[in-house]
Amino acid sequence: MERGRRAAPRRGGRRGARSLDAFAADAEAALRACLEGEGAAERGGSEAKFPCPLAMWELGHCDPKRCTGRKLARKGLLRTLRLRQRFPGLVLSPLATEYVSPADRHVIAQSGIAVIDCSWAKLEETPFKRMRGSHLRLLPYLVAANPVNYGRPCKLSCVEAFAAAFCIVGFPDLATILLRKFKWGKAFIDLNKNLLEKYAACHCQEEVLRVEKDFLASVQETKDEEIDPFDVDSGKEFSNPNRPINSPGLAQSNEESEEDSDEESEEDTPDDATESSDESSPEDDGTVVAATTANKSTI
């Protein structure tokens, strides 16, 4: 035998590249398996196989019982990484200079996503440079739904960061699989539905940034239009919202009316309706801040 004619070894043991259509089909099948197997999993069965790698650098900053990343790890959905260990897929990191966009779907389909599980209170001591990857990304503006930071812009948990990335690149089924592991998971999609759909409709990070910029500008414009009815220097006149507006014309019509009590009850109706409809959008809740640290996890 010729010893020099041995087959070349496979490098890294990487599987062949999948097309995006094949990956999307795998994601849909994984969701079906997840929905069908949830009952079996509660009885001790195994979790459905996730179609791409998920990973996390875990720094021990958080309560293990409340850490969403650790819960995913216990369920076999992600693996933990050591410091200096490199991740080949997309890495959500504050050191990134680019934002997640649908242009990243190939990277995620082939190599998955990794997050950094650290505390917002310990950012300065977090060794971000020792958590390496070839595709560092930031998440755009989104609102947290986790119990610790509910309603706060950008302070997402690990599972919310994973879900956001999957939704933006066009694989919402994978986001659903992860969020279903948490009772509050659906609230994240509900809070951010409009923004996530707009981000997913983009083609590149420039378009994602434009959507984010337009949204933040609209929020600021709404805040600027809010007027304090008790500001005597505003130049605006306000009536008592608990009483109907009195004017000469209204007084005259009341005197001519034979059913004053009926008209008075009708005049009160708009005030009551205004009070009951005074609701704010969940996405506008909270202070508007820059999204440069949107992917740092807290729990």
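**Figure 1. Arg132 sits in the loop between β4 and β5.** The loop joins β4 (113–117) to β5 (133–137) in this predicted model. Arg132 is partly exposed, at a relative accessible area of 37%. Arg132 belongs to a patch of positive charge on the surface. Its other members are Arg84, Arg86 and Arg130. Patch members must have over 30% relative accessible area and no salt bridge. The 37% of Arg132 is therefore over the 30% that a patch requires.

**Figure 2. Arg137 and Glu98 form a salt bridge.** The N to O distance is 3.8 Å. Glu98 lies in the loop between β3 (87–92) and α3 (105–111), while Arg137 lies in strand β5, so the pair ties together parts that are 39 residues apart in sequence. The partners differ in cover: Glu98 is partly exposed, at 35% relative accessibility, whereas Arg137 is buried, at 10%.

**Figure 3. Arg137 also pairs with Asp104.** Here the closest N and O atoms are 2.9 Å apart. Asp104 is in the loop between β3 and α3 and Arg137 is in strand β5, so this salt bridge ties together parts 33 residues apart in sequence. Both Asp104 and Arg137 are buried. Through shared partners, salt bridges join Glu98, Asp104 and Arg137 into one network.

**Figure 4. Glu28 and Arg32 pair within helix α1.** Their side chains meet in a salt bridge, with N to O at 3.6 Å. Both residues lie in α1 (residues 20–42). They are 4 residues apart, about one turn of the helix. Arg32 is partly exposed, with a relative accessible area of 44%. Glu28 is also partly exposed, at 44% relative accessibility. Side chains of opposite charge can pair when their charged atoms come close. A search of the whole structure finds 5 salt bridges.

**Figure 5. The protein chain holds 9 helices and 5 strands.** This view sets the close-ups in context. Along the sequence, the pattern reads α-β-α-β-β-α-β-β-α-α-α-α-α-α. The protein chain has 299 residues, and 38% of them are buried. Among contacts with a separation of 6 or more, 75% involve residues 24 or more positions apart. The accessible surface comes to about 17,900 Å². Carbon and sulfur atoms account for 47% of that surface.

Conventions:
Residues numbered from 1 in each chain as written. Predicted model: local features only at pLDDT ≥ 70, side-chain atom pairs only at ≥ 80, totals over all residues. Heavy atoms only, no water. Patch = residues over 30% accessible without salt bridge, like charges linked within 9 Å, V, L, I, M, F, W, Y side chains within 5 Å. Areas by Shrake-Rupley, 256 points an atom, 1.4 Å probe, with all protein chains shown as cover. Salt bridge = Lys/Arg side-chain N within 4 Å of Asp/Glu carboxyl O. Lys, Arg positive; Asp, Glu negative; His and termini not counted. Charge placed at Lys NZ, Arg CZ, Asp CG, Glu CD. Helix = DSSP H or I, 4+ residues; strand = E, 2+ residues; numbered from the N terminus. Buried < 20%, exposed > 50% of the residue type's maximum accessible area, 1.4 Å probe, protein only. Contact = heavy atoms within 4.5 Å.
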